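Open the model in your viewer and set it to cartoon. Keep the selection tool at hand for a short tour.

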Amino acid sequence: MTRRVKVGGIYIGGGEGVKIQSMCTVKTSRVDEVCAQISALEGAGCEIIRVSVLDEEDAAAIKAIKERIRMPLVADIHFSAKLAVAAIEAGCDKVRINPGNIGGEQNVKLVADCIRAHGISVRVGSNTGSIEKQFLQKYGVSEYSLVESALHGVGMLEKYGVHDIVISVKASSVPLTFAAYKLLSSRTDYPLHIGVTEAGTYEGALVKSSAALGALLLEGIGDTMRVSITGDPVREVYAAKQILRAVGLDRNFADVISCPTCGRCQWHSAALAEKVSDRVKDCKKPLKIAVMGCVVNGPGEAAEADIGIAGAKDRCVIFKKGVVCRTVDARDAEREFLKEIDGLIND
Ligand code: SF4
């Protein structure tokens, strides 16, 4: 098991559950917009938020943002020890830095001293674009260079007494991401932040992240995660939740089972399945809901569902645990089924 690292009011690692992270897409100094985005992310289920710190305005904005949000705030800084110190002094709960790119030993010590003085944690990570030269020369772009580079950064901080560290080793390739985290988890007990970097636009990013993070999580690797998707970060949070559910690490949700439909389907089951999924997307109650295209196989195939619906041409049957309990006109199916679902959720 990994060790536990405190980030604001929560813990990463040590069997505390996999924490979902995302990152703001607006400039940090635009405090109102940042806070609005964090609020939307929190509503979706985000547990840790990261913001970029590009200049002194961004660093100073952290204080104002912290006053208006509840979740832990991570400041992401590259190339500047001065900005890292400013972000820490402004009240961030964790910093994301690469000790190798903040200007040498003296600056590493400066930032490490500040991290310890404020009792915060730090994420050190390598990705395929930031592997230290010496490891790149030795191993090329590989899991070995990713891991050695990240652990080298960890060692630079440990030297100055920093031990509340989370590590990441990201690539945009699924096999490389998987291999790197497997290797890293065999080399350290620090908690790991898992993710596929620059995973792409929605559909491709979903598939890549599901493949890599799903495989890692099934092996028990990963203490916090981000699904990187180009665009609205709220989608990252819903995607992360879906991955945790798919691998059995979150059971408190409404699982919508729907058949792909085939030539037997003579009603709007696919459209209803979409509506039901949207209706229950924030439900935290463990429920199984089935939307099946036909009565021939529907109730039998979804026998374990708490509630389900299957249709013929004009009529739909609503069933519970595979047993038919009501028949409704297909035109009323959506209204009646959503009413039943609301009843179960609010029961
Ligand atoms: S439940 Fe019916 S409509 Fe859906 S895939 Fe199976 S046979 Fe086809």
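The stops below run through two sheets, two helix pairs and a ligand site. Keep in mind throughout that this is a predicted model.

**Stop 1: the eight-stranded sheet**

Select the strands in the order β8-β7-β6-β5-β4-β3-β10-β9. They form an open sheet of eight strands, with parallel pairing. Now colour the two ends. β8 (165-170) and β9 (193-194) are the edges; each has a single partner strand, so one side of each lacks a neighbour in the sheet.

Zoom in on β5 (residues 73-76) and β6 (residues 94-97). These strands run parallel and are joined by three bridges. Show Val 74 as sticks: Lys 94 in β6 stands opposite.

**Stop 2: helices α1 and α2**

Select residues 31-44 for α1 and 56-68 for α2. Their axes come within 10 Å and cross at roughly 40 degrees. That angle makes α1 oblique to α2. The crossing is right-handed.

Which residues of α1 meet α2? Show Val 31, Asp 32, Val 34, Cys 35 and Ile 38. On the α2 side, add Ala 61, Ala 64, Ile 65 and Arg 68. This contact holds seven nonpolar residues, no polar ones and two charged.

**Stop 3: helices α6 and α7**

Move on to residues 143-158, helix α6, and residues 174-187, helix α7. Here the axes come within 8 Å and cross at roughly 45 degrees. α6 is therefore oblique to α7. α6 passes α7 in a right-handed crossing.

For the α6 side of the contact, select Glu 143, Tyr 144, Leu 146, Val 147, Glu 148 and Leu 151. They meet Leu 176, Ala 179, Ala 180, Leu 183, Leu 184 and Arg 187 in α7. Colour the contact by class: nine residues are nonpolar, none is polar and three are charged.

**Stop 4: the five-stranded sheet**

Select β11 to β15 next. They make an open sheet of five strands in the order β11-β12-β13-β14-β15, and the pairing is mixed. β11 (254-258) and β15 (323-329) are the edge strands, each paired on one side only. Look along the sheet: from one strand to the next, the twist averages 20 degrees.

Now add the helices. α10 (residues 269-279) packs on this sheet and touches β11, β12 (287-292) and β13 (307-311). The direction of α10 makes about 160 degrees with that of β12. Then select α12 (residues 333-346). This helix lies across β12, β13, β14 and β15. α12 runs at about 170 degrees to β13.

**Stop 5: the β14-β15 hairpin**

Stay on the same sheet and zoom in on β14 (residues 315-320) and β15. The two strands run antiparallel, with six bridges between them. Pick Cys 316 to find one bridge; its partner in β15 is Val 328.

How many residues lie between β14 and β15 in the hairpin? Two do. Select Lys 321 in the turn: its phi is positive, at about 50 degrees.

**Stop 6: the ligand**

Finish at the ligand and show its surroundings as sticks. Three cysteines to pick in the 259 to 265 stretch are Cys 259, Cys 262 and Cys 265. Add Thr 261 and Arg 264. Then select Gly 293, Cys 294, Asn 297 and Glu 301, which also surround the ligand. Coloured by class, the shell shows four nonpolar, three polar and two charged residues.

Conventions: Residues numbered from 1 in each chain as written. Predicted model: local features only at pLDDT ≥ 70, side-chain atom pairs only at ≥ 80, totals over all residues. Heavy atoms only, no water. Axes fitted to C-alpha atoms, helices over the stretch in contact; angles between N-to-C directions. Helix = DSSP H or I, 4+ residues; strand = E, 2+ residues; numbered from the N terminus. Parallel < 35°, antiparallel > 145°, perpendicular 65-115°, else oblique. Left-handed = near helix turned anticlockwise from the far one by under 90°. Contact = heavy atoms within 4.5 Å. Nonpolar A, V, L, I, M, F, W, Y, C, P; charged D, E, K, R; others polar. Near = heavy atom within 4 Å. Pairing = 2+ DSSP bridges.
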